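Me: Please walk me through this protein model. I will ask short questions and want short, reasoned replies.

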Amino acid sequence: MTPEEKITSLIVKLNKLTALDQLTWEVEDAPRTILRGTDDHIPLYMTTKYKNQRFGLYQHRFQSYDGDRDRLYWSERLILAILDREDRVLWETPGQYSSLFDLFETARKKVSNIEILLDELLSDDDEL
């Protein structure tokens, strides 16, 4: 199995465990080490622990330069990172994986409790 296939398999496994509520993600502030010395932005940063390993999952927004138009524009990528005990990034996904988008959406749904929230908000309609 190639390293890329192993990374995809890990992401798919984390997504499955998250969907089955066997893995819980927590929203936290992004470690300062990720953004230090940049104008980048991390709008959502989540962490979990699986098999004694800490993981960070986050959106990374950054500016890129368009030389043809001589202007900056915002880009975004999703990152799954392996963290040490001090939340320093030891490793991060080297590219964009479609399975990473699925994991991010599943984790975001779980931390937001959107299904419970929607049920609660719509329950008043039954009383009308």
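What follows is a set of questions and replies on salt bridges, helices, the pocket and backbone angles.

Me: What are the ground rules for this model?
Reply: Residues are numbered from 1 along each chain as its sequence is written, and side-chain values use heavy atoms, with hydrogens and water left out. This is a predicted model: totals for chains, interfaces and linings use all residues, side-chain atom pairs count only at pLDDT 80 or more, and local features need pLDDT of at least 70.

Me: How many salt bridges does the structure hold?
Reply: Side chains of opposite charge can pair when their charged atoms come close. The criterion here is a side-chain nitrogen of Lys or Arg within 4 Å of a carboxyl oxygen of Asp or Glu. The number of salt bridges in the structure is nine.

Me: How many residues apart in sequence are the parts that the Glu-28 and Arg-54 pair ties together?
Reply: The two side chains form a salt bridge, 3.9 Å from N to O. Glu-28 sits in the loop between strand S1 (26-27) and helix H2 (32-35), and Arg-54 in strand S3 (residues 53-66), so the parts they tie together are apart in sequence by 26 residues. Helices and strands here are DSSP runs numbered from the N terminus (helices H or I, at least four residues; strands E, at least two).

Me: Which residue is linked with Glu-28 and Arg-54 in a network of salt bridges?
Reply: Glu-28 is partly exposed, at 30% relative accessible area. Arg-54 is also partly exposed, at 21%. Buried means under 20% relative accessible area, exposed over 50%, and partly exposed in between (1.4 Å probe, protein chains only). The residue that joins Glu-28 and Arg-54 in the network is Asp-87.

Me: Is Asp-66 buried or exposed?
Reply: Asp-66 pairs with Arg-69 in a salt bridge of 3.0 Å, N to O. Arg-69 has a relative accessible area of 58%, so this residue is exposed. For Asp-66 the value is 13%, so Asp-66 is buried.

Me: Which residue forms a salt bridge with Arg-88?
Reply: Arg-88 is partly exposed, at 43% relative accessibility. The partner is exposed, with a relative accessible area of 53%. The closest N and O atoms of the pair are 3.0 Å apart, and the partner is Glu-86.

Me: How far apart are the end C-alpha atoms of H1?
Reply: H1 has 17 residues, and the expected span is 24 Å at 1.5 Å a residue. That span is 1.5 Å times one less than the number of residues. The model agrees: the end C-alpha atoms are separated by 24 Å.

Me: What arc do the buried residues of H1 cover?
Reply: These residues are Ile-7, Ile-11, Leu-14, Asn-15, Leu-17 and Thr-18. They lie on the same side of H1, because their arc around the axis is only 165°. The arc is taken from the directions from the helix axis to the C-beta atoms. On the face turned away from the buried side, H1 carries the exposed residues Lys-6 and Lys-16, while the buried residues cover 165°.

Me: What distance separates the C-alpha atoms of Ile-11 and Phe-104?
Reply: Ile-11 belongs to helix H1 and is buried, at 0% relative accessibility. Phe-104 is among the buried residues of H3. The two are 93 residues apart along the chain, yet their C-alpha atoms are separated by 9.7 Å.

Me: What arc do the buried residues of H3 cover?
Reply: H3 has 15 residues and reaches 22 Å from first C-alpha to last, close to the expected 21 Å. Its buried residues are Ser-99, Leu-100, Leu-103, Phe-104, Thr-106 and Ala-107. They fall on the same side of H3, because their arc is only 170°.

Me: Which element gives the largest share of the lining of the largest pocket?
Reply: The pocket has a volume of about 290 Å³ and is lined by 14 residues. A pocket is an open set of points on a 1 Å grid over the protein atoms alone, where a 1.4 Å probe fits, with protein on both sides within 12 Å along at least five of seven lines; lining residues have an atom within 4 Å of a point. Its volume is the space filled by probe spheres set on the points, which are joined across faces, edges and corners. The largest share, four residues, comes from H3.

Me: Where is Asp-21?
Reply: Asp-21 is one of the lining residues nearest the centre of the largest pocket. Asp-21 has a positive phi of about 60° although it is not a glycine. Asp-21 is exposed, at 56% relative accessible area, and its place is the loop between H1 and S1.
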